[in-house]
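Biologist: Before I accept any of the labels, I would like each value set against its cut-off. Shall we start with a ligand?

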Amino acid sequence: MVSKICCIGAGYVGGPSMAVMADSSPGVDIEVVDVDQQRIDAWNNLNGASLPIYEPGLQQVLDRVRGHNLYFSTDVAGAIRRADMVFLSVNTPTKHRGHGAGAAADLTFIEKAARQIADSAQGATIVVERSTLPVRTADGLRRILDCSTNARFEILSNPEFMAEGTAIDDLQNPDRVLVGGQCDATVNALAGIYANWVPSSRIITTNLWSAELAKLTANAFLAQRISSINAIAGICEATGADVEEVRRAIGADRRIGAEFLKSGPGFGGSCFKKDLLNLIYLAEHYGLDEVARYWRMVLDLNGWSQKRISQMIVKTLFGTLRDKRIAVLGFAFKADTNDTRESPAIGICRDLLHDGASLSIHDPRVDDGAMRSLLSMSDDGLPAVGGFEKAASVETACDGADAVLILTDWHQYKQLDWADLASRMRQPGWVFDARRGTNLAEAESHGLDTWQIGRGGLN
Ligand code: UDX
Ligand code: ADP
């Protein structure tokens with residue numbers, strides 16, 4: 001029976017997933033630990049700090065469990081020592097230098113955490129991989145853990161499929177939970193915890209390597225759908241077809257399904273790019289060059305989806321953005337999150353700045369510190385040319401703007417008051433809607449020129 005759990009890493013995955021586990025498993029005590037004291041203070045809402053991540057419903061779950069059977073602290077060694085199950089939820093960014101740079105996962109944090117577990121664990125301990133990892137990471141993990149003299153280990157892979165912005169609902173009602181391992185009793189120990197709130201038909205058990213590969217595969221397939229629909233959006237614009245109509249038509253086919261077919265400025269987030277790179281690296285490693293090229297194309301197309309938007313804007317605004325002001329609506333990679341990792345807004349804004357634009361960026365959840373650190377340099381590492389500021393409201397962003405660019409699918413952008421916004425803008429004014437999320441007919445009725453992703457024939 002598992003009664004004490006430790007989760008190493010209090011990030012976007014560790015925090016919410018342990019909160020939901022604690023909420024549904026009253027018999028289990030969970031300590032979430034992190035080396036980052038500020039982050040832990042924020043999880044504890046100390047000194048007026050707000051939670052480190054924005055996620056609808058998270059605060060309510062935390063209010064029920066924090067200090068009850070869920071604790072946040074920096075006592076990594078102590079929490080490992082007390083635990084009979086340790087979740088590894090540390091970050092695995094893409095390697096920036098050395099062998100495999102630009103593709104392979106950087107496992108520094110995993111390795112460090114594994115050494116901490118080997119040093120501190122006592123007795124029989126189950127180590128659970130939660131971070132998305134390259135296939136066969138468990139081999140390396142075992143090698144390090146086996147150096148322990150005080151503990152014996154079993155390793156499980158339990159990848160998390162939740163998406164940001166819907167994390168709490170995804171965690172409470174998952175399509176499936178995946179537990180991979182080599183020992184049935186250990187697999188059942190973790191499956192038994194999930195059984196507290198997930199129907200057993202949704203708990204899938206596999207071998208270790210299938211679980212590791214399934215996570216990469218799921219993200220690669222999802223990313224592939226977005227790149228596919230974005231490619232079709234380009235054809236729609238050129239031919240007079242409308243990608244929303246195409247989406248409805250193909251989404252009704254049960255074999256294709258309606259989800260994940262919305263065209264936009266390209267996918268962002270912490271997972272898709274990293275996991276595709278991971279898969280490409282894996283394919284290359286095994287000499288599967290065509291396979292690597294196939295998945296590389298999904299990624300390349302995502303770069304194209306972003307670039308074409310900045311290029312189209314420059315072209316539309318008479319070939320130069322100098323002395324032009326653009327209101328950018330949305331900086332997070334999607335709605336309902338403050339996360340900006342790999343957000344398409346970063347590359348697009350950098351391009352616009354590079355062309356001399358002055359940007360006024362609105363986002364309901366992203367703070368200006370995050371924008372500043374991402375935009376003060378251009379892609380080539382040089383200081384950005386144009387200037388930018390964070391706007392306190394959509395209205396102030398639009399004051400004196402030549403164009404409005406919608407990049408994130410925040411709900412509030414669906415109900416913009418175009419009569420008011422048009423009157424604040426310099427004429428002629430444009431609206432570029434990269435999310436199909438606003439009433440452009442209304443914008444047009446107030447004299448604005450419009451462009452919408454995947455809508456053909458009107459440019
Ligand atoms: C993703 C996976 O969905 C999740 O299962 C995995 O565990 C982690 O990676 P996340 O990155 O949080 O989750 O968000 P997701 O909702 O998948 O969106 C990713 C990106 O794709 C966003 O930039 C989003 O705007 C874009 N997207 C999504 C589209 O452009 N069109 C769509 O139809 C869906
Ligand atoms: P994810 O989206 O996968 O949750 P994050 O970057 O949000 O990734 O969170 C990972 C967390 O793991 C960070 O807060 C980081 O400080 C923490 N972390 C990394 N290595 C260790 C370690 N060895 N011990 C404790 N915490 C760690």
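Modeller: A backbone N or O atom of Val-35 lies 3.4 Å from a nitrogen atom of ligand 2.

Biologist: What makes that Val-35 pair a polar contact?

Modeller: A polar contact is a pair of N or O atoms within 3.5 Å (within protein, one must be able to donate a hydrogen and the other to accept it, and sequence-adjacent residues count only if both atoms are side-chain atoms), so the 3.4 Å of Val-35 qualifies. Oxygen atoms of ligand 2 are approached by a backbone N or O atom of Tyr-12 at 3.0 Å and by a polar side-chain atom of Arg-39 at 2.6 Å. The protein covers 88% of the 580 Å² of accessible area that ligand 2 has on its own (Shrake-Rupley method, 1.4 Å probe).

Biologist: What are the ground rules for these values?

Modeller: This is a predicted model, in which local features need pLDDT of at least 70 and side-chain atom pairs count only at pLDDT 80 or more, while totals for chains, interfaces and linings use all residues. Residues are numbered from 1 along each chain as written, chains are lettered from A and ligands numbered from 1 in written order, and side-chain values use heavy atoms, without hydrogens and water.

Biologist: Which residues come nearest to ligand 2, and how many are around it?

Modeller: There are 15 residues around ligand 2 (a heavy atom within 4 Å), and Tyr-12, Val-13, Asp-34, Arg-39 and Gln-116 come nearest. Helix H5 (residues 108-120; helices are DSSP runs of H or I, at least four residues, numbered from the N terminus) gives the most to this shell, with three residues.

Biologist: Which residues are closest to ligand 1?

Modeller: Of the 19 residues that surround ligand 1, the closest are Phe-161, Glu-164, Lys-215, Lys-262 and Lys-334. Helix H9 (residues 208-239) supplies the largest share of the shell, four residues. An oxygen atom of ligand 1 lies 2.6 Å from a backbone N or O atom of Phe-161, and a polar side-chain atom of Lys-334 is 2.7 Å from an oxygen atom of ligand 1. Alone, ligand 1 exposes 660 Å², of which the protein buries 90%.

Biologist: Why is Arg-130 called buried?

Modeller: Buried means under 20% relative accessible area, exposed over 50%, and partly exposed in between (1.4 Å probe, protein chains only); Arg-130 has 3%, so Arg-130 is buried. Its place is the loop between strand E5 (123-129) and helix H6 (137-145).

Biologist: Which side chain does Arg-130 meet in a polar contact?

Modeller: That of Tyr-194, at 3.4 Å. Arg-130 also touches other residues (heavy atoms within 4.5 Å, leaving out those up to four places away in sequence), including Phe-87, Asn-158 and Glu-160.

Biologist: Why is Gln-172 not called buried?

Modeller: Gln-172 has a relative accessible area of 28%, so the label is partly exposed. Gln-172 belongs to helix H7 (residues 167-172), and touches Val-20, Asp-23, Val-61, Arg-64 and Trp-197.

Biologist: What makes a set of residues a nonpolar core?

Modeller: Its members are buried Ala, Val, Leu, Ile, Met, Phe, Trp, Tyr and Cys residues joined through side-chain atoms within 4.5 Å. The largest such core has 57 residues, and those with the most contacts inside it are Ile-313, Ile-326 and Leu-359. Helix H13 (residues 344-354) gives the most to this core, with six residues. Apart from it lies another core, of 44 residues, among them Ala-79 and Leu-216.

How values were computed
Helices (H or I, at least four residues) and strands (E, at least two) are DSSP runs, numbered from the N terminus.
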